[in-house]
Amino acid sequence: MIELSNICLSYGKNDILTNVSLSLRQQGLTSIIGPNGAGKSSLLAILNRLQKPTSGEVRIDGQPIDSFDNRVLATRLSILRQDNQINARISVRDLVCFGRFPYHNGRPTAEDWAVIDQAIHYLDMSDLQDRYLDQLSGGQRQRAFIAMVLAQDTQYVFLDEPLNNLDMKHSVAIMKQLRRACEELSKSIVVVLHDINFASCYSDEIVSMKHGRIAHSGSPEQVMQDHILMDLYDMPLSVQQIDDKRLCLYYL
Amino acid sequence: MKAFLLTLGLVAALAVISLFVGVADLSASEENYSLLFLTRIPRTLAVLLAGSSLAIAGVIMQMLARNKFVEPTTTGTVEWATLGILLLLIFAPESSVMVKLIVACLFAVVGAVSFLFLLSRIRIQSEVIVPLVGIMYSGIMSSTITFIAFQYDLIQSIWTWIQGDFSMIMRGRYELLWLSGVLCIAAYITANQFTLVGLGESVAKNLGVNYRWIVIWGVCMVAVISGITVVNAGVIPFLGLVVPNLVSVFMGDNLRKSLPWIALIGAGLVLACDLLARTLRYPYEVPIGIIMGVFGSVIFLSILLHRNRQYD
Amino acid sequence: MTEAVSRPRPLHWPTLTPGWRLALLLTLVVFAIALYLTWDIKASLAFTLKYRSKKLITLLLVGFSVSTATLLFQTLSQNRILTPGIMGFDALYVLIQSILVLTLGVIGFNTLNPYMKWGMETALMILAMLMMYRLLFRGNQQSLQFMMLAGIIFGVLFSSGSALVFRLLDPTQFGVLQDALFATFAAVDPILLQISFGVLAVTAVALWRTHARLDVMLLGQNSATSLGLNYNAMVLMILLLVAILVSLSTALVGPVSFFGLLVVHLAYRLAGSYQHRFLIPFAALLGMLTLVSGEFILQHLTNFSTRLSIIIEFFGGLFFLALIIRQGKA
């Protein structure tokens, strides 16, 4: 269980996050949505320990995040941020192998390799596994990083806009994959998403953020409401029921 | 693996040739054997050690700055070490090699840390800005050095000091370079951590790497290697830039795999240049820095142009 | 794009038009010149003026040629980081001279007609630059990063190449080369002066006739061509001008690396216009102002025994770093 209590973050006079309290489910897929600048990425930066909150506390399985040993924490919680502008020439396979680094510390075992192969296979990258990152397209690189995080095999997985740069086919494939990981491996996966329809179709829970605060949280049915979303994004839109899914039309 | 052994053999052969190149003819008489042990072997060893450690310092700097176009001589680190030596020449000209080394290393630490600090202050870290800041910074430092040297009439001595040269190496005057050899091995042991640091703070922290400590460790390593080579052999430009980029083309940037290659090719390249420096205008010696500049840049440019053509 | 990010925004002085800014700068230059010529005269006025004006002319010529060459080169290569200095063009000039001394020998080099010598050097320079240009700038979408790296390495190649040739020369040859390379500030060679004014005139006429086309060049090869510009002819002209300007400034004071970058960046920010008819004179005047006032301060207000180039390098570098850091914060 990950609990954030009263997290505040500010730079000088700018409040980035104000009193964010959230407890993330032990298992299942949670989506965080919200307009640009709502503080979603800052929240992940705090979990990534790139940033210390001005006040408040993050507890993982009851223990404060700061008290964890780096390596132990890396086996509980993994985070993929969106700014992976990497020009290193590292092969996909090596990158995914680094996902096992907290376990093998440089000497991967046969078991590690099995997990690595599986992660590569999951993300449909077997043909590309010997390519260098700088030879891949943006979407392929994104998938390579997701494979790395999956290989890390942690209970909690945070992904900041994992669908960036991906085409429709791979977006759907990844969301299905994440869904499957939640169910089969009983993981708790948190994704920051821009496309709220993906959030609606694949999440167990949606958390919406605005101006550094939590605006709403609940099941897709509870959050996917005209007035809630219009209020959140400050624009006209309409939510339609199509089969058993609620989809938001905002293109017009 | 086969290729590695083959290259290793090639470098070893070069090293053997290096033992027999020099003004005095080794085979002539018995007493010349002492020459072999007094100067030739130390010189060859010094060249090998300096070559591999400088190449490794270059690649570590590149990982820390997350940019492939930086190395200690283009980011002010070596200039700071030189500044330390200049200040010693002014205020304590009699100091021992050990003192010189310590001072050079301390100054090099300041140089590397200040460069990384400068980088952290720059929001826009584009590929181009980072090496540019480094070049500017080392430009500032070398003009500071020239300025101070001018005031104390030390231009000539600091120049001879700066220009890379192995001709003064003999037994008793190069042993400190073994320390860089030790550091190379230490770098290999922590290679994975450096690769992860090269992937960025976020990825490194996510995988449980103690980012800050690895950066500090890397800075110290780069500084000590720079300090040792400046004190023992002067400035050898360019090596840390050429070799890692060269190796990256066929081995990638996973340091666990590429570091042995970087060390080997670094050693081989410096050895080849040193041989050339000794034979080009025999019996005089041309500073190795100059040879390195010419051949290093030609090699590098041809790789670069070739690669560029492939991408078209 | 990285390039767009590194491009400095002009400062906003809404009241000053580019023309007024230019006028203001001109006044400052005139003021600096007057100060430089008349401050603290110890010998007779006539002697002092004669002595100082020689040096002044050198400073002005260098200021003009380095700034203009840098600006033109940046327009051509569509970036604001590479300069002829960073690409090592001045080191190339030194290299060409050393090779000439090496191949022609001392007597051959010294008996060569000075105009012919200069012409030969410049022709070689243009040839080498054309080859470099073809290697580096083929196609339209060359990455800036590639150009920058290759450029800097060309610079290292040229400077270590000439250092190597120095080592291969015997002492007499070296002496001749040194004389040829570093004409001192104080004693300007009259022939060099004549050549300089020729260069100045040619450059001025060429720029006057083409400044509007230079503005179009900023849009890149594709757009410029579709707007009816003879792109290759423009490239040739710019390379030609850059080559003669660089040879001139190198012949006068030797290689300078960051001065052009500093001045041109300042000009981009302060000139208040992207148009070359303002930018070129602004950069040129700024270059002159920097050199003249720098020399003035160094000579009269401090008692350091050092060269101006060292000081400019130092403050130029500091200034540039400050610029980049400030940009990141905004």
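Q: How many bridges join strand β3 of chain A to β8(A), and do the two run parallel or antiparallel?

A: In this predicted model, five bridges join strand β3 (residues 28–33) of chain A to β8(A), and the two strands run parallel. Within this pairing, Ser31(A) stands opposite Val191(A) in β8(A).

Q: Which strand does Leu159(A) face, and how many bridges join strand β7 of chain A to β8(A)?

A: Leu159(A) stands opposite Val191(A) in β8(A). Five bridges join strand β7 (residues 156–160) of chain A to β8(A), and these strands also run parallel. From β7(A) the chain crosses through helix α7 (residues 168–184) of chain A to β8(A), in a β-α-β crossover that is right-handed.

Q: Which way do the residues of β8(A) point, and are they buried or exposed?

A: In a regular strand, side chains alternate between the two faces of the sheet. In the present case, Ser188(A), Val190(A) and Val192(A) point one way from β8(A), while Ile189(A) and Val191(A) point the other way; all are buried. Because five of the five residues of strand β8 (residues 188–192) of chain A are buried, the strand is largely enclosed by the rest of the structure.

Q: How many of the twelve residues of α11(C) are buried?

A: An α-helix has 3.6 residues a turn, so residues three or four places apart point the same way. In helix α11 (residues 259–270) of chain C, eleven of the twelve residues are buried, so the helix is largely enclosed by the rest of the structure. Among the buried residues are Phe259(C), Leu262(C), His265(C) and Arg269(C). The helix reaches 16 Å from its first C-alpha to its last, close to the 16 Å expected at 1.5 Å a residue. Just after α11(C), Gly272(C) takes a positive phi of about 75°.

Q: How many aromatic pairs does the structure hold, and why is the pair of Phe73(C) and Phe89(C) edge-to-face?

A: Planes over 60 degrees apart count as edge-to-face. The structure holds nine aromatic pairs over all chains. The rings of Phe73(C) and Phe89(C) have their centres 5.5 Å apart and their planes at 80°, so this pair is edge-to-face. Phe73(C) lies in helix α3 (residues 45–77) of chain C and Phe89(C) in helix α4 (residues 89–111) of chain C, so the pair ties together parts that are 16 residues apart in sequence. Phe73(C) counts as buried at 1% relative accessibility, and Phe89(C) counts as buried at 3%.

Q: Which residues form one aromatic cluster in chain B, and which residue lies over the face of Tyr188(B)?

A: Phe4(B), Phe250(B) and Trp261(B) form one aromatic cluster. Arg256(B) lies over the face of Tyr188(B), at 5.0 Å from the ring centre. In chain A, Arg100(A) lies over the face of Tyr103(A), at 4.1 Å from the ring centre.

Methods. Residues are numbered from 1 along each chain as its sequence is written. Chains are lettered from A and ligands numbered from 1 in the order in which they are written. This is a predicted model: local features need pLDDT of at least 70, side-chain atom pairs count only at pLDDT 80 or more; totals for chains, interfaces and linings use all residues. Side-chain values use heavy atoms; hydrogens and water are left out. Buried means under 20% relative accessible area, exposed over 50%, partly exposed in between (1.4 Å probe, protein chains only). Helices (H or I, at least four residues) and strands (E, at least two) are DSSP runs, numbered from the N terminus. Two strands pair if DSSP finds at least two bridges between them. A crossover is right-handed if, with the strands pointing away from the viewer, the path from the first strand over the helix to the second runs clockwise. Rings of Phe, Tyr and Trp (its six-membered ring) pair if their centres lie within 6.5 Å; planes under 30 degrees apart count as stacked, over 60 as edge-to-face and the rest as tilted. A charge sits over a ring if NZ of Lys or CZ of Arg is within 6 Å of the ring centre and within 35 degrees of the ring normal. The expected span of a helix is 1.5 Å times one less than its number of residues.
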